[in-house]
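Q: I would like to learn how to read a protein structure step by step. Could we go through one feature at a time, with the general idea and then the case in front of us?

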Amino acid sequence: ERPRPRDEPVVLGWMWLSMVLNGAVLSAVIIAVYFVSLIHYCDGQILQTEIAQIEDYNSKLMDARTVAFISLVWSENIRSYTSRSF
């Protein structure tokens, strides 16, 4: 196969679209996971002022953040595996 021409971009238009959509979907899913984990761990509260009134709110907030971070790590691992496989 011949090399690509010098004036051809490394990342094509459809690749940019794919990257932006991947990032948008991943961001939306992780934010949704964070809201669900806030509801679960912080007694149904999602606003900072309401969470601050909960007893031991730092620990509960840390649990919700941990769930979101672990979800992000797992989803990135799965995404990297599937992008290399297909």
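**Reading the model**

A: Asp-56 lies in the loop between α2 and α3, and the model in which we find this residue is a predicted one.

Q: What is the phi of Asp-56 near?

A: Phi of Asp-56 is near 55°, which is a positive value in a residue other than glycine. A second residue to look at in this way is Asp-43, which is found in the loop between α1 and α2 and has a positive phi of about 55° although it, too, is not a glycine.

Q: How many helices and how many strands does the protein chain have?

A: The secondary structure comes to 3 helices and 0 strands, and someone who follows the protein chain along its sequence meets the pattern α-α-α. The radius of gyration of the protein chain is 19 Å, well over the 12 Å that the globule rule gives for 86 residues, so the chain is more spread out than a compact globule.

Q: What box do the C-alpha atoms of the protein chain fill?

A: Taken along the principal axes, the box filled by the C-alpha atoms is roughly 65 × 25 × 15 Å.

Q: What share of the residues counts as buried?

A: The general idea is to ask how much of a residue remains accessible, and buried means under 20% relative accessible area. Of the 86 residues in the protein chain, 12% count as buried. The accessible surface of the protein chain comes to about 7300 Å², and 63% of this surface belongs to carbon and sulfur atoms.

Q: Which residues make up the largest nonpolar core?

A: A nonpolar core is a set of buried residues joined through side-chain atoms. Here the largest one has 6 residues in all, namely Leu-38, Cys-42, Ile-51, Ile-54, Leu-61 and Ala-64. If we take Ile-51 and leave out residues up to four places away in sequence, we find that it touches Leu-38, Cys-42, Gln-45, Ile-46, Tyr-57 and Leu-61.

Q: How far apart in space are residues that are distant along the chain, such as Tyr-34 and Arg-65?

A: Tyr-34 and Arg-65 are 31 residues apart along the chain, yet their C-alpha atoms are separated by 6.8 Å. Tyr-34 lies in helix α1, and, leaving aside its neighbours within four places in sequence, Tyr-34 is in contact with Leu-61, Ala-64, Arg-65 and Ala-68. Its relative accessibility is 23%, so Tyr-34 counts as partly exposed. For the protein chain, among contacts between residues at least 6 apart in sequence, 44% join residues at least 24 apart.

Q: How many salt bridges are there, by the rule used here?

A: A salt bridge pairs a side-chain nitrogen of Lys or Arg with a carboxyl oxygen of Asp or Glu, within 4 Å. The count comes to 2 salt bridges. In one of them, Lys-60 is paired with Asp-43, and the closest N and O atoms are 3.4 Å apart. This pair links distant parts of the chain, since Lys-60 is in helix α3 while Asp-43 is in the loop between α1 (13–41) and α2 (48–51), 17 residues away. Lys-60 has a relative accessibility of 23% and therefore counts as partly exposed.

Q: Where do Arg-79 and Glu-76 stand relative to each other in helix α3?

A: They are 3 residues apart in helix α3, which means that about one helical turn separates Arg-79 and Glu-76. Their side chains meet in a salt bridge, with a distance of 2.8 Å from N to O. Arg-79 is partly exposed at 35% relative accessibility, and Glu-76 is partly exposed as well, with a relative accessible area of 27%.

Q: Which residues form a nonpolar patch on the surface?

A: The residues of this patch are Phe-69, Ile-70, Leu-72, Val-73, Trp-74 and Ile-78, and together they have about 590 Å² of accessible area. Ile-70 is found in helix α3 (residues 57–85), and at 44% relative accessibility it counts as partly exposed. Leu-72 also has its place in helix α3, and it is partly exposed, with a relative accessible area of 31%.

Q: Which residues does Leu-72 touch, not counting those up to four places away in sequence?

A: Leu-72 touches Leu-26 and Ile-30. Leu-72 and Val-36, in turn, are 36 residues apart in sequence and 14 Å apart in space, C-alpha to C-alpha.

Conventions
Residues are numbered from 1 along each chain as its sequence is written. This is a predicted model: local features need pLDDT of at least 70, side-chain atom pairs count only at pLDDT 80 or more; totals for chains, interfaces and linings use all residues. Side-chain values use heavy atoms; hydrogens and water are left out. Patches are made of residues with over 30% relative accessible area and no salt bridge: like charges are joined within 9 Å, nonpolar side chains (Val, Leu, Ile, Met, Phe, Trp, Tyr) within 5 Å. Accessible areas come from the Shrake-Rupley method with a 1.4 Å probe; for residues, only the protein chains shown count as cover. Helices (H or I, at least four residues) and strands (E, at least two) are DSSP runs, numbered from the N terminus. Buried means under 20% relative accessible area, exposed over 50%, partly exposed in between (1.4 Å probe, protein chains only). The radius of gyration is taken over C-alpha atoms; the globule rule is 2.2 Å times the number of residues to the power 0.38. Contact means heavy atoms within 4.5 Å. A nonpolar core is a set of buried Ala, Val, Leu, Ile, Met, Phe, Trp, Tyr and Cys residues joined through side-chain atoms within 4.5 Å.
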